[in-house]
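Here are my notes on this one, written for someone opening it for the first time. Have it on screen while you read.

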Amino acid sequence: MFAAADHDFMARALRLAELGLFTTTPNPRVGCVIVNNGVVVGEGWHHSAGAPHAEINALQAAGSAAHGATVYVSLEPCSHHGRTPPCAQALIAAGVSRVFAAMQDPNPRVAGRGLAMLKDAGITCECGLLESEARELNIGFVARMTRGRPWVRVKIAASLDARTALENGASQWITGPAARLDGQHWRARACAILSGIGTVLADDPQLSVRNVETPRQPLKVLVDSRLELPLQAKVLNGGGLLLASASDAGEKATALRARGAEVLQLPDGAGKVDLAALLAELGRRGINEVHVEAGSRLNGALLAAGLVDELLLYLAPCLLGDTARGMFSLPALKSLDGKRALAIRDARMVGADLRLLARLA
């Protein structure tokens, strides 16, 4: 159905889309290549929300050469007026003859309407070229659009015997510098970084992207049922903190708000934060990917609630022993039938450490 050249041009569009990996929130990452008589005459990618979409940038680069050309775009062209006019209409006005889309837009406001608009204008359309690659690039956007909550990736650094800290809480550093830098890249691509009060009290982290060039910092989200966060905590520096609590706690909440934090009450009826409600709220705020860096209790609670999509594991070539802390705090299994199945998506060495990307099966 698709020629080798079609694959090459769409692969180029996907590489362009990746340039927006850290910048397009809450929009999807999209790239576009325009080809006329086998020659690339224009290309572009979506830089950030509110900026021109990939197709518009590519059309501007192509100019009059877009007339009669073939367009390769990593996501179905939009058909509605948002912050910018419809890309499908711009392609029609430019007189393109054919459009290849890697995948249909999961946004209910589009969802096939863009391709239908192009077809109604007499433009030949094909959808599905390198679809799985395109979906992976925007897995958080797809998750938010189809189920109303973000893609949740739990990052854990551990020893080879799956221990994340010593019994006394010491954990810096189990993995090496290459793994820690790699983890910063995963932070940078996320829309939000989620942690728990136990981690903050133990390590006083900033929960920010460091040593990686990025034009924006992810939203910091802290689960703190009883509002135990110290007013001097580093996570409050620079603003951008959403604090999810089970109670208002009066004066403490007021003091935290004065430090720039947004305090959100999401009780679950048992004195804890309703994690499903928190993720639904993040979805409403346009958060596509959540990067979790927390301790075993919050990791376990997210997993038990069925809210974890993916594990990003860095395993160091060392052993810490049975008394050290584990990855997840979960009830004991009475049978192996209750084990959580995982699908390993990727395994590679990062410095001296093994990085595994695994999804809940």
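1. A word on labels before we start: helices (H or I, at least four residues) and strands (E, at least two) are DSSP runs, numbered from the N terminus. The model is a predicted one, where local features need pLDDT of at least 70 and side-chain atom pairs count only at pLDDT 80 or more, while totals for chains, interfaces and linings use all residues. Residues are numbered from 1 along each chain as its sequence is written, and side-chain values use heavy atoms, with hydrogens and water left out.

2. Let's begin with the largest pocket, which holds about 1500 Å³ of space. On a 1 Å grid over the protein atoms alone, a pocket is an open set of points with protein on both sides within 12 Å along at least five of seven lines, a cavity is a set where a 1.4 Å probe fits but cannot get out, and lining residues have an atom within 4 Å of a point. Volumes are the space filled by probe spheres set on the points, which are joined across faces, edges and corners. The pocket is lined by 48 residues, and Thr-199, Asp-203, Glu-293, Ala-294 and Gly-295 are the closest to its centre.

3. Which element gives the most to the lining of the largest pocket? That's H8, with six residues. Strand S6 (151-159), helix H7 (177-189) and helix H11 (296-304) join H8 as the elements giving two or more. By class, the pocket lining has 17 nonpolar, 17 polar and 14 charged residues. Here Ala, Val, Leu, Ile, Met, Phe, Trp, Tyr, Cys and Pro count as nonpolar, Asp, Glu, Lys and Arg as charged, and the others, Gly among them, as polar.

4. Just after H8 (197-203), have a look at the loop that runs to strand S8 (219-223), where Asp-204 is found. Asp-204 isn't a glycine, yet its phi is positive, about 50°.

5. There is one cavity of 30 Å³ or more, and the largest cavity has about 70 Å³ of space. It has 14 lining residues, with Thr-24, Asn-27, Arg-29, Asn-288 and Glu-289 the closest to its centre. Helix H6 (139-147) supplies the largest share of that lining, three residues. The cavity lining divides into six nonpolar, six polar and two charged residues.

6. Don't skip the loop between helix H1 (4-18) and strand S1 (31-36), the place of Pro-26. Thr-25 and Pro-26 are joined by a cis peptide bond, with omega about 5°.

7. Now for helix packing. H2 (residues 54-62) and H3 (residues 87-94) have axes 9 Å apart at an angle of about 20°; axes are lines fitted to C-alpha atoms, for helices over the stretch in contact, and angles run from 0 to 180 degrees between N-to-C directions. So H2 is roughly parallel to H3, a label for angles under 35 degrees (over 145 is roughly antiparallel, 65 to 115 roughly perpendicular, the rest oblique). Contact (heavy atoms within 4.5 Å) is made by Glu-55, Ile-56 and Leu-59 of H2 with Cys-87, Ala-90, Leu-91 and Ala-94 of H3. That gives six nonpolar, no polar and one charged residues.

8. H3 also packs on H4 (residues 113-120): their axes come within 9 Å and cross at roughly 20°. That makes H3 roughly parallel to H4. Ala-88, Gln-89, Leu-91 and Ile-92 in H3 meet Gly-114, Met-117 and Leu-118 in H4, a contact of five nonpolar, two polar and no charged residues.
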